[in-house]
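Reader: I would like to go through the cysteines and the charged pairs here. Can we take them one step at a time?

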Amino acid sequence: MIVVKVGGSAGIDYDAVCADLAARWKTGERLILVHGGSGETNRVAEALGHPPKFVTSPSGYTSRFTDRQTLEIFEMVYCGKINKGIVERLQRLGVNAVGLSGLDGRIFEGRHKDSVRAVENGKVKVLRGDHTGTVERVNTGLIDLLLNAGYLPVLTPPAASYEGVAINVDGDRAAAALAVALKADALLLLSNVPGLLRHYPDETSLIRAIPAADVESYLEFAQDRMKKKVLGAAEAVQGGVKRVIFGDARAGLPITAALEGAGTVVS
Ligand code: ADP
């Protein structure tokens, strides 16, 4: 089993990812696609007059502050436009894909965090009314059902809280939890960069290999949202996934290239 997570940043070529995925699926490989949609969500939120608000935690992690209205815009884009766009591409390529969020069948489940500590103007503030959380449990029943019936699952946040409330969760870490739950052979985290860069944004500074035991020490090279990918990679390898690859989804055969060792390989 291979879990492929494709991001939502500018420059990602969904046609290339879907074509590669479809070709591999048709050879009998078992794959699941998880996707993001942050770039498009920001654009739609601006257009709807509810611009995105990003907060930085005291430990330096950036996340989207998700009030109820933001959550609804997030769902429109992630579960609607992006998810159905990917499913449509796969259907056109002859793959019977099914698009679901983590709410459906409680695939992704976790604790709802209503407040977040954020650094604003050098001061730590507590912001309430946040609909965020972290995936703590993956319920694979529905996924097994789909895979066994020949459907390719295309998954996206949000997740379900234990109380059944929709929560915005990080897609990379959700994909990592899924890869652990499915005992995947590999987790691919594909984005609009060649991999983890030692001197971001210098693409010639690509880090080619990271020993599984040391992933966390590479957090220092990752800025802002890349940190979540490194954290996700650490969680995946600690959970028994043999290989995590940070790869490039901007062109070519993104999945095949990553599996052949392009990008940053954590193993
Ligand atoms: P996606 O939504 O595509 O999954 P994110 O935007 O969440 O991706 O994270 C990837 C982004 O992280 C890159 O586009 C890049 O701008 C940023 N980044 C920060 N530090 C690094 C680094 N050391 N190496 C590569 N990318 C980095």
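**Charged pairs and cysteines**

Author: Start with one side chain. Glu72 is partly exposed, at 41% relative accessibility. Keep in mind that this is a predicted model.

Reader: Which residue forms a salt bridge with Glu72?

Author: The two partners sit 4 residues apart in helix H3, so about one helical turn separates them. The partner is partly exposed, with a relative accessible area of 42%. The closest N and O atoms are 3.4 Å apart, and the partner is Arg68.

Reader: How many disulfides does the structure hold?

Author: A disulfide needs two cysteine sulfur atoms within 2.5 Å. The sulfur of Cys18 has its closest cysteine sulfur in Cys79, 17 Å away, so that is too far for a bond. The number of disulfides is 0.

Reader: Is Cys18 buried or exposed?

Author: Buried means under 20% relative accessible area. Cys18 has 1% relative accessibility, so it counts as buried.

Reader: Which helix holds Asp172, the salt-bridge partner of Lys5?

Author: The side chains of Lys5 and Asp172 meet at 3.0 Å, N to O. Both residues are buried. Lys5 lies in strand S1, so the pair ties together parts 167 residues apart in sequence, and Asp172 lies in helix H5.

Reader: Which residue joins Lys5 and Asp172 in a network of salt bridges?

Author: Side chains of opposite charge can pair when their charged atoms come close. Lys5 and Asp172 form one such salt bridge. The network links these two with Lys229.

How values were computed
Residues numbered from 1 in each chain as written. Predicted model: local features only at pLDDT ≥ 70, side-chain atom pairs only at ≥ 80, totals over all residues. Heavy atoms only, no water. Buried < 20%, exposed > 50% of the residue type's maximum accessible area, 1.4 Å probe, protein only. Salt bridge = Lys/Arg side-chain N within 4 Å of Asp/Glu carboxyl O. Helix = DSSP H or I, 4+ residues; strand = E, 2+ residues; numbered from the N terminus.
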